[in-house]
Amino acid sequence: MQSLYIGLTGREWLIKSSVLLTLAFLVVVGPAIEWIHDNGDVQAVLWDAWPRIPAVLVGLKMSAAAWIATRLYRSRLLSDRMLVTGAASWLVVVLALYGVLVWFVSTPFIPRYLLALIAILAVPLARLSAAPLALAWNRHR
């Protein structure tokens, strides 16, 4: 499901490039994790930056989703009503997950905004929204 939009393009070079980039990413991540594990100063910096890391990831996710939504709107692949319904459905699922997280993990040690960021990151948005674009790209080649 995570790479569904890439497979729907039907472009062999894009599918192979995606696999190559994923493997290259994994090759880089291994030594980086080892370096973080061995270096206490880096661990301290990352621990202090912990609340900002999900915030940056949420910003990237929302930017990608906005870009995909504008592409869907311009190409008229989905109606305005479908775009709004999809966004509202995503928001309902995020709020429900946030409610469950607050219910289970309500401690003074974990701020609620961090639970909201985790809920936003947990529910897929950009990848699912990209599927109609990838399918249209495959159809019109």
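**A nonpolar patch and some ring contacts**

Visitor: Which residues form the nonpolar patch on the surface?

Guide: This is a predicted model, in which local features need pLDDT of at least 70, side-chain atom pairs count only at pLDDT 80 or more, and totals for chains, interfaces and linings use all residues. Residues are numbered from 1 along each chain as its sequence is written, and side-chain values use heavy atoms, without hydrogens or water. A patch takes residues with over 30% relative accessible area and no salt bridge, joining nonpolar side chains (Val, Leu, Ile, Met, Phe, Trp, Tyr) within 5 Å and like charges within 9 Å. With about 600 Å² of accessible area together (Shrake-Rupley method, 1.4 Å probe, only the protein chains shown as cover), the members are Leu46, Trp50, Ile53, Val56, Leu57, Leu60 and Leu121.

Visitor: Is Leu121 buried, exposed or partly exposed?

Guide: Leu121 lies in helix α6 (residues 112–122); helices are DSSP runs of H or I, at least four residues, numbered from the N terminus. Buried means under 20% relative accessible area, exposed over 50%, and partly exposed in between (1.4 Å probe, protein chains only). Leu121 has 34%, so Leu121 is partly exposed.

Visitor: Over the face of which residue does Arg76 lie?

Guide: Arg76 is in the loop between α4 and α5 (80–104), and has a positive phi of about 60° although it is not a glycine. A charge sits over a ring if NZ of Lys or CZ of Arg is within 6 Å of the ring centre and within 35 degrees of the ring normal. At 4.5 Å from the ring centre, Arg76 lies over the face of Tyr73.

Definitions and conventions: Salt bridge = Lys/Arg side-chain N within 4 Å of Asp/Glu carboxyl O. Helix = DSSP H or I, 4+ residues; strand = E, 2+ residues; numbered from the N terminus.
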